[in-house]
Every structure is written in structure tokens, then in C-alpha cells.
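Open your viewer and get ready to move from the whole chain to a single residue. Each stop tells you what to select and what you will find there.

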Amino acid sequence: MKTIIPRNTIDKMATVMLWASAASAMLLLSYIIGYILLNGMWVVNLSFLLESPRLSGAEGGIFPAIVGTLALVAVAIITAVPVGIGAAIYLTSYAPDNALTRTINFGVECLAGIPSVVIGLFGYAFLVIYLGFGFSILAGGLSLMFMILPWTVRTSEEAIKTVPMELSEGSLALGATKWQTIRRVVIPSAIPGITTGVILGIGKAIGETAVIMYTAGSSLLLPHSIFDPVRTLPYHLYILASEGISGKMAYGTAVVLLGMVFAINLLAVAIQRRYESKEVK
Amino acid sequence: MNQRTSERIIEVSLFLAALLAIVIVLLILLFLIKEGAPVLIKFGLRDFVLGMNWNPIAIVGEPSYGIFPMVVGSIYIAIGALILSIPFGVASAVFLIEIAPGWAQSVIRRGIELLVGIPSVVLGFVGLVLLVPLIRHTFGGCGFSILAGSIILAIMALPHIITISADAIANVPTSTREASLALGATRWQTIRHVILPSARSGIVAAVILGMGNSIGETMAVLMVTGNTPILPEPIYNVLDPVRTMTSNIVIEMNYAAPGDHQQALFATGIVLFLMVAILNAISHTIIRSKRVSTR
């Protein structure tokens, strides 16, 4: 005999299930982050952060990897930001609606979709070998730039699009040229959005591994110039864990890496908040 | 310099900045083909993609370059990840838009942001120290497996699936929702028979995009799947180790000598690039056609 369950009961059951699925997703996330933090926070102290590794990372600290990470991200951001914002300004304010513009948009979409390991291969063949940069901060940083450029273009475009038309029209009506309008009116209004995008881009770049493995090298020495090889935190973590060098050091490195990424995300949220609260006033 | 010339110079330099994205994409294609095509021509595209035997450093006999087990490995793990993440992801998206009170919404949105921010190598590390031993003790085998790769990739895909599905669900007009409720349908009936069907194409786009991302993912998969370049035995055994195309590139670039071996890795990159590009194109087409049709 088939029993018919009242539909209100089904509705209640479904609601419970939906609560449960969202709650378990959040529990899983807290478990992952909690597990890393609980195992790794005992390792992190000042000497861990500021000392060089000994015995290929089994002892000592991770200072060169922190320096390496920051150096690569700096090269990537310094090159990606002007180009990305420039491209965004062109696409939002100058680009005519023609085949070339559509091709540019398609190119940005394509670049965003290319798997990071393929960008790494390209960085190796083009920057390391063909241009002769060798395994270096420069080659690794530029490869990272290829990776975050589409993100920078898209987030800057979004930020510029939110600037009300009336503002730029007002400026043009006062006799300002197009570039004066963009520089003095559009960009200043879009800057919070652009900054948030750039900061989130830094967060993405810090954690990236496959792109820099065969472009930045894996040296544990402190670099002296942008032509020196470096090892980044994620690569260091990978080597510590996969070669079984030291579980303890791997947890510590993971905590530092997570800490950097989360701090950057918090900063982005804070900027967004501040901007939004200003807008309401 | 008069104002008009300087305006013109600025416009041209902005145009060049915009052009750079295409230039980079073309350079990537050029270098992939330059480095990878010779080996494809030498051994034949069919034998490369469908060849069962990957043995680049042959001690006895000729080396062979067949990446079929890795193509299967990549697709296998990506599909496994989707099977695990879609029910969770869509349910969480429905919850987020239709049911969650304000506080739960902000908790979930913050959680998604955190999850997106976790570097893949950290997730791979968690997989290595938590998931692999768990699978080894629960199901036997070595623990490094298709299952482990799929679970880690599912966790990575989850935030993207939730975000895009939630957008699709939020785009269902309120009037549709209200009409269903006014006819006496319960909230669940409305979700199941009205909202999910209207949001379907957006959700499908999310799934295909997730598939492309999963196939292109490297570090997390590399650390938990064991990386043996052979098909699982039997083929449905999800506890067997497997190697993906991305792992193949990363592992062997370490010691591949310039020549056929290194070129074969670039050729793997070409196949990977094409697969991901096709999936992305399909997904973008669905998203775009949906945008047009809702207008």
C-alpha cells in the first residue's frame, strides 16, 4: 500500500535537508581551516618567519620563501595593474563596437580560461628559455602577470561601469577633454572598486603554484636581483609535503600562507565596506 | 604638443594595453604549437591522444607517448568532483536565495569567499594528511586515488557552483515565485517545480564551467591521486590511483630532457588547452544566450 505523505511534511523535510546541506558545507570549511590552524600555529613564531631554512626545510624558517612570494607578486602586480586598468579604460570608454573589440574581449576571456599549468609551460618556453631570463623572479612574476591580467581587466571594467554617466557627461559639458574626464572624474570614482579587484588579485597570485614552478625556480637562497631564482610559499609547502621532508614545517608554512591570503581578503572586504558606507551618506 | 595629439597618444596607448591580452594568448598558442607540434607530427595525433602506453624513458625498446590514460584520468576525476559537488552546491544555492535568514546568508557568503581564497596547494596538503589516510583505512588500497582527487576537486568547485547557481536562482522573477505560491504550492513545490526548472540553464553553465576548471586544476589533484599513468583496473575502481594531464606536465617537466620527451609534455598541454577551451566556450555561450533570452 502506498502511503501518501502530506505535502506540508515534505516541505518541512526539504527545508531541513537544505539547512543541513548548507550547514555541512560550512562545517567542512571550518574543519579544513581549523585542522590546519590547530596543527600549524604552534610552529609559527618570529624565528620561523625570519630565519632561513636548514636541511632543505626540515629545520629553520621560511624567510626566503616569504621574500620570494612577495617579490613575484610585486612584479606581477606592478606590470598587471597599469596594463589591466588601461585595457579596462579602453574597453569601457573608447572601444567602438566592432570585430576588433569583440576579439579583444574574446582574448581576455580566453586568457582567463587557460589552465595555470599551461601558462607555466608557456612561461618556461618563452620567458625562461627563448628570452633567456632563466629561472628568475622576472620570469615567474611575468608568468603570474599573464594569469592575473584578465582578472584585473574585468574587475576594473566593472568598477568603471558603475560610475554614473551623469558624472562624465557633466565633465564633458564643462569643456573637459575625454582623457581629462577619465583621469579627473571617472578613475577617482572607480578607484575603490579597482583597488578591491587588485587586492583580490594579489590574493590569487600568492597561492598560485603551477605557474611559477618552472619559471621562478626553487632556490632557498635569498635573491639579490630580479634575475635570481626564488621559491615561493606554496611551492615550498608542496615540496615539504610531497617529498616528506617535514610535516611540522609543512603545517607551519600552510598557516602562514593561509594567514596572508585571509588578511588580504579581509583588507578587500574592509575597503568595499568603507566605500559602500560612504555611498549611502 | 597640442591637446589633440596628446589625447590621440593616450587613446593609442590604452588600445595597445587592451591588445596585450590577445598578444599573450597568441604567443601562448604559438609557443605551445612550436614546442608540442613536432612530437604530434612524429607520432601522429591519434596515437598520441588515444595511445595507451606512456613510457617516455624506455630502458628496453622505443619510448612511447600515449596520453589516453591521463585524458581518462582528468575527465574521470572532474566528473567525480561534479557528482559530489552539484547536489551540495545547488542545494546550498537554493538555501542561500530562498530560505536562509539574513545572518545565515552573510555567513555563507563569507564562507564562500574564504573557500575561494584557500590556495589549491593547501587543499592538496589537507587531502594528503587527512583524506588519503582516511580512504586508506576505510576502504583499503593505498589511499591515493580517483576518489581522493574527486573529493578535493569537489571542495574547490563548490564555491563556484554555489555562486553561479545562486545568481541563476536569484534571476528567476519574483512574480513567477509569487504566482506559484499563490496557487497554493508549498515552498518546496515552488522550488522544485518552478524555480529550479527556470534556473536550469544557469546551473548547467555553472556545471560545465566547473568541469573545465576541474580538468585544468593541478596542485590539489597532483598531491592526492598517486599519479600512475595507467587506466584504473577495473575501469570503475575509484580507489585506484590515476594521473591527470596537468600532473603529467608538472611531474615530468622536472626531469624531461629537451627533445621528444619535453615536447610530449607541451603536446599534453595542447590537448589540455583544447579541452578546457571547448568547455569554457560552451559554458559562456549558455550564460550569454540566457542573458539575451531573459531580456
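The tour begins with the overall fold and ends at one threonine.

Before you click, note that this is a predicted model, where local features need pLDDT of at least 70, side-chain atom pairs count only at pLDDT 80 or more, and totals for chains, interfaces and linings use all residues. Residues are numbered from 1 along each chain as its sequence is written, chains are lettered from A and ligands numbered from 1 in the order in which they are written, and side-chain values use heavy atoms, with hydrogens and water left out.

**Stop 1: chain A as a cartoon.** You should find 10 helices and 2 strands; these are DSSP runs, with helices being H or I of at least four residues and strands E of at least two, numbered from the N terminus. Trace the chain from the N terminus and the order reads α-α-β-β-α-α-α-α-α-α-α-α.

**Stop 2: the C-alpha trace.** Along its principal axes, this trace of chain A spans about 80 × 65 × 40 Å.

**Stop 3: burial.** Colour chain A by relative accessible area: 52% of its 281 residues are buried, meaning under 20% with a 1.4 Å probe and protein chains only as cover.

**Stop 4: A:T181.** Select helix α8, residues 178-207, and pick out A:T181 within this helix. Is A:T181 buried or exposed? A:T181 counts as buried because its relative accessibility is 3%. Now show its contacts (heavy atoms within 4.5 Å): leaving out residues up to four places away in sequence, A:T181 touches A:S168, A:S171, A:L172, A:A176 and A:V186.

Conventions:
Buried means under 20% relative accessible area, exposed over 50%, partly exposed in between (1.4 Å probe, protein chains only).
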